[in-house]
Each structure stands twice: as C-alpha cells, then as structure tokens.
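Q: Please take a close look at the salt bridges in this model. Where do they sit, and how open are their partners to the surface?

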Amino acid sequence: NFGDVRVESDSIMALTVFNQGGVELQVESTEISGTDALDFDIVSGEGSFSIPPGGEDSHTIEIKFSPASLERKTADLKIVSNDPFEEILNIPLSGNGVLPEIFSFPRELDFGTTLVEQDSIRSVGIQNRGTSKLTVDSMRMAGQDPENFSVVGLQSFTILPDDTARKILVKFTPKSVNDKSAYLLIYSNDPNNTPDSIRLTGKGVIS
C-alpha cells in the first residue's frame, strides 16, 4: 500500500522475494495487471530470475506508483514461478492519488473610501478543499495600482485537508485620490490554480 501520493508524482517501494524451499526457485515472469495497472510500474528486478534454496539469498523488485488522477488505485503484481503450491502469486498493489486545492474567499475585496496615506484593513480566508497538504509559497500584488495594497503578516504557510480556513490581512493605503484597483496573487502547490487571484478595489479621498 503506497498510501497517499500526489497526482503525477512518484513513490517507489521495494518487494523482497525469498526462497524458503529445498530446491532452486525459478521465477519465469513478473508483471502488473488489474484495474489501474497503468498507474504502477516495475522499475527494477522485473523479468525472470532464480534464487537458490536456504532462505539466505533474495531478489528485490522495485515498484513505482505514479497516480495519473485522483482517488484510490488498485492493481496486482503477478509473479509466475516453479513453486508447485503457488505457481502464480498475486500481490495486491494500492494507493491513493491526492492533490491540494486552494479556495479563497471573498473573491473581491472592496475597501470603500479611505483617507490618503491612511490604512484600511480587510481579511481573506484561504481553505484547502483538496486531499493533500496545501502549501502557500508567496503572495504579491499586481494590476493597475499594486503599490496601494499590501499583505500584513505571514505570506507562506501550509494547510492540511479539512483544516479551518487560514485568515490573511490585506491593507489598503491610498497614495493619492481617486479609484484604485489591483489583484492579490496567491502562489501555492495547487497545480490547477496558481496563482489564485483576488480583485482589490478602493478609493482614496482627502478630508
């Protein structure tokens, strides 16, 4: 069981074959079959081999799990040998394809009117709606007036699946009068949504 593995990433585990009989074990073939056989691969030790009797020698087969999509994957490693009691040995293979999924809210922050060179602060919530750890790497401002907006505090963190939302604070400090706009770009390990963008708007006024 390979457990949780990120989609389109690799995990390798080793299987060791021993001969506990009194004559030479001759393995004719090794192959992977089953529902999700394409998600598993033998990377070393495949094909035919032999192991002398005695139980001291062994042969290692390395198997790679590379889930192409989400959800549980299953297959079988089939070992065909001259063992008269188990000519075909089927070893179940399993693993879960997982991915993080970022979800931020609200999708737009409107700071309203704020005095020039004064601060107005709003919050954004970030959730992980995926099945593996979400890592937020960095944040930056982009768009028409990015110099008027900033993130207060920590800008990199991790969120486990089903954890409570992480709240970040965004500050609007208008440098001059009139409408201002920008985008907060949130970079993470979500391969389907990076950067995630939140529209920011506000208006600078004078008293």
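A: What follows goes through the salt bridges one by one, then turns briefly to a pocket and a surface patch.

This is a predicted model. A search of the whole structure finds 3 salt bridges.

Start with Lys78 and Glu31. Their closest N and O atoms are 3.3 Å apart. Lys78 sits in strand β7, and Glu31 sits in strand β3, residues 25-33. The two are 47 residues apart, so the pair links distant parts of the chain. Lys78 has a relative accessible area of 23%, so it counts as partly exposed. Glu31 is partly exposed too, at 37%.

Next come Arg107 and Asp196. Their side chains meet in a salt bridge, with 2.8 Å from N to O. Arg107 lies in the loop between β9 (102-105) and β10 (108-115). Asp196 belongs to strand β17, residues 196-205. This pair also links distant parts of the chain, 89 residues apart. Buried means under 20% relative accessible area. Asp196 is buried because its relative accessible area is 2%. Arg107 is partly exposed, with a value of 41%.

The remaining pair is Arg199 and Glu108. Here the N to O distance is 4.0 Å. The cut-off for a salt bridge is within 4 Å. Arg199 is in strand β17 and Glu108 is in strand β10. They are 91 residues apart and again link distant parts of the chain. Arg199 is partly exposed, with a relative accessible area of 31%. Glu108 also counts as partly exposed, at 43% relative accessibility.

Strand β17 therefore holds Asp196 and Arg199.

Strand β7 leads on to the pocket. The largest pocket has about 300 Å³ of space. Two elements each give two or more residues to its lining: β2 (11-18) and β7 (71-81). The lining has 16 residues. Phe18, Asn19, Leu25, Ser81 and Asp83 lie nearest the centre. By type, the lining divides into 7 nonpolar, 6 polar and 3 charged residues.

Last, the surface patch. Ile121, Val152 and Leu169 form a nonpolar patch there. Together they have about 210 Å² of accessible area. Ile121 is found in strand β11, residues 120-128. Its relative accessible area is 45%, so Ile121 is partly exposed.

Terms used: Residues numbered from 1 in each chain as written. Predicted model: local features only at pLDDT ≥ 70, side-chain atom pairs only at ≥ 80, totals over all residues. Heavy atoms only, no water. 1 Å grid on protein atoms, 1.4 Å probe; cavity = no way out; pocket = protein on both sides within 12 Å on 5 of 7 lines; lining within 4 Å. Points joined across faces, edges and corners; volume = space filled by probe spheres on them. Helix = DSSP H or I, 4+ residues; strand = E, 2+ residues; numbered from the N terminus. Nonpolar A, V, L, I, M, F, W, Y, C, P; charged D, E, K, R; others polar. Patch = residues over 30% accessible without salt bridge, like charges linked within 9 Å, V, L, I, M, F, W, Y side chains within 5 Å. Areas by Shrake-Rupley, 256 points an atom, 1.4 Å probe, with all protein chains shown as cover. Buried < 20%, exposed > 50% of the residue type's maximum accessible area, 1.4 Å probe, protein only.
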